[in-house]
Amino acid sequence: MGVEWGELPPELLESISKTLTIYVDYLRFRSVCRSWRSSVPKIPLHLPPQLPWLMLSRRAFFDLSLNKTHLLNPQPSHRTRICGSSHGWLVMLDETPQIRLLNPLTRATRPLPPLHAFPNVVAFDHANVGREYLIQNPYGGLYAFNLRQMCNSFLGKVVLSASPTLNDDFAALAIVGQNNLAFCRNGYDSWIFLNGEEEEMNCWEDVVNYNGLFFAVSKGGTIAVCDAGEGCFPPRVSIIQTTTPFGFAGDIHYAVFSAGDMLLLIRVLDQDFSDHAGEESDLVYRTVGFEVFKMNWGLLTWQRVETLGERVLFVGGNSSLSFCASDFVGCSADCIYFTDDYSESNDDDACGKHDLGVFRLRDKSIEPLPCFNQNSCSRLRWPLPIWVSPNPC
């Protein structure tokens, strides 16, 4: 005899739900009927990392797999700056000292130590309008920052070690003014600067977390490895000087672990002129290519990579991500999906024509992302787009 779909045993429904690996599929499964919804958890803890969505505006997120835009609850105002995206959480700054974490799916928030809790912030006085922060530079000099300057340029990227919901002992690593790496753990009142084995000044470009370790890379290819494991205080930091091949140069560097290998992506920019109709042209920058290198840990050298094989990479203001393209619909293998994480001071950003697209290694071509129409006025007033992994926990 047949069994009504709504009368399937809860144990069977739960077993079936655990075979689903895409978050949207899990939501559809729960929406079939009331009995299915009540038989499986609201929050699926078994899901692997998800293909990221592209945050287009304060509430619009583009899903590559479905070629569809999801509208979530209203996000913070346009005055808010996003300086990181890790494990589905955004790192938010505004014109206050507060640093907040936000999960756009669940609307959950968590605090990080505030801006005035960094070691180089000598003083903060809200009444000193236009000069609220007093900052000490690496050479001992002092200079003033106002609220907007502090929001826009004090912090580079901030990366988390884990989702704050899943790990209450999560940590964060931040690039501060390019020359400093700052660390905090949940529950800390302040940030601490990390001093490696060598005191040489490095221009840190990117940071990523892998297997419980933070890895930062400099413009010259130097690697800082931070062991922030439980009980490590202060965290242990090792500076690894590497050798680089001829022609190792570019404008922006990204670190990403892909299939166990540490890759360094070098983004190459070129100067162009904006095409404001009826207005004087302005100098802007656009991505013209990427070069990819792999770390040879035996020789401590960066080696050029000609193909990513079946892998696909997502870089920008987010913590860099790597996936096997065949595991997902909507993305192509041997490609780098990149977003604009540099043009807040670029004139092109004023018109919302952000520098983002898909770079194909096989022929060095660049294609637009499907959600970005160069001729659409909907692009106006976009914030800097950023990849966000949909994470319900």
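The buried residues of H2 are covered by elements that include helix H1 (10–17), H3, E1 and strand E2 (60–63). In this predicted model, helix H2 spans residues 23–30, and its buried residues are Tyr23, Val24, Tyr26, Phe29 and Arg30. The chain as a whole contains four helices and 28 strands. Of its 393 residues, 50% are buried. Among contacts with a separation of 6 or more, 51% are between residues 24 or more positions apart.

The accessible surface of the chain amounts to about 18,500 Å², and carbon and sulfur atoms contribute 51% of this area. Ile43, Leu45 and Leu166 together form a nonpolar surface patch of about 320 Å². Within this patch, leucine 45 is placed in the loop that runs between helix H3 (34–39) and strand E1 (53–55). Leucine 45 is classed as exposed because its relative accessibility, 64%, is over 50%.

Probe-based analysis was also applied to the open space of the model. Rolling a probe the size of a water molecule over the atoms shows where empty space is left. The second largest pocket has a volume of about 780 Å³. Its lining comprises 35 residues, and those nearest the pocket centre are Pro49, Gln50, His87, Leu321 and Ser389. Strands E4 (81–86), E15 (204–210), E19 (252–258) and E24 (321–324) each contribute at least two residues to the lining of this pocket. The largest contribution comes from E24, which provides four residues.

Two of the strands that line the pocket, E19 and E24, are each followed by a loop holding a residue with an uncommon backbone angle. Most residues other than glycine have a negative phi. Alanine 259, in the loop between E19 and strand E20 (261–273), has a positive phi near 50 degrees. Aspartate 334, in the loop between E24 and strand E25 (335–338), likewise has a positive phi, of about 60 degrees, without being a glycine. The two residues fall into opposite accessibility classes: alanine 259 is exposed, because its relative accessibility of 62% is over 50%, whereas aspartate 334 is buried, because its value of 9% is under 20%.

Twelve salt bridges were counted in the model. One of them joins aspartate 227 to arginine 236, with the closest N and O atoms 2.6 Å apart. Another links the side chains of arginine 360 and glutamate 367, with an N to O distance of 2.8 Å. In this pair, arginine 360 is buried at 11% relative accessibility, while glutamate 367 is partly exposed at 33%. A further salt bridge is formed by glutamate 14 and lysine 18, where the closest N and O atoms lie 3.9 Å apart; this distance satisfies the criterion because the cut-off is 4 Å. Glutamate 14 is partly exposed, with a relative accessible area of 32%, and lysine 18 is exposed, with a relative accessibility of 53%. Beyond these pairs, Arg267, Asp341 and Asp355 are connected in a network of salt bridges.

Notes
Residues are numbered from 1 along each chain as its sequence is written. This is a predicted model: local features need pLDDT of at least 70, side-chain atom pairs count only at pLDDT 80 or more; totals for chains, interfaces and linings use all residues. Side-chain values use heavy atoms; hydrogens and water are left out. Buried means under 20% relative accessible area, exposed over 50%, partly exposed in between (1.4 Å probe, protein chains only). Contact means heavy atoms within 4.5 Å. Accessible areas come from the Shrake-Rupley method with a 1.4 Å probe; for residues, only the protein chains shown count as cover. Patches are made of residues with over 30% relative accessible area and no salt bridge: like charges are joined within 9 Å, nonpolar side chains (Val, Leu, Ile, Met, Phe, Trp, Tyr) within 5 Å. On a 1 Å grid over the protein atoms alone, a cavity is a set of points where a 1.4 Å probe fits but cannot get out, and a pocket is an open set with protein on both sides within 12 Å along at least five of seven lines; lining residues have an atom within 4 Å of a point. Grid points are joined across faces, edges and corners, and a volume is the space filled by probe spheres set on the points.
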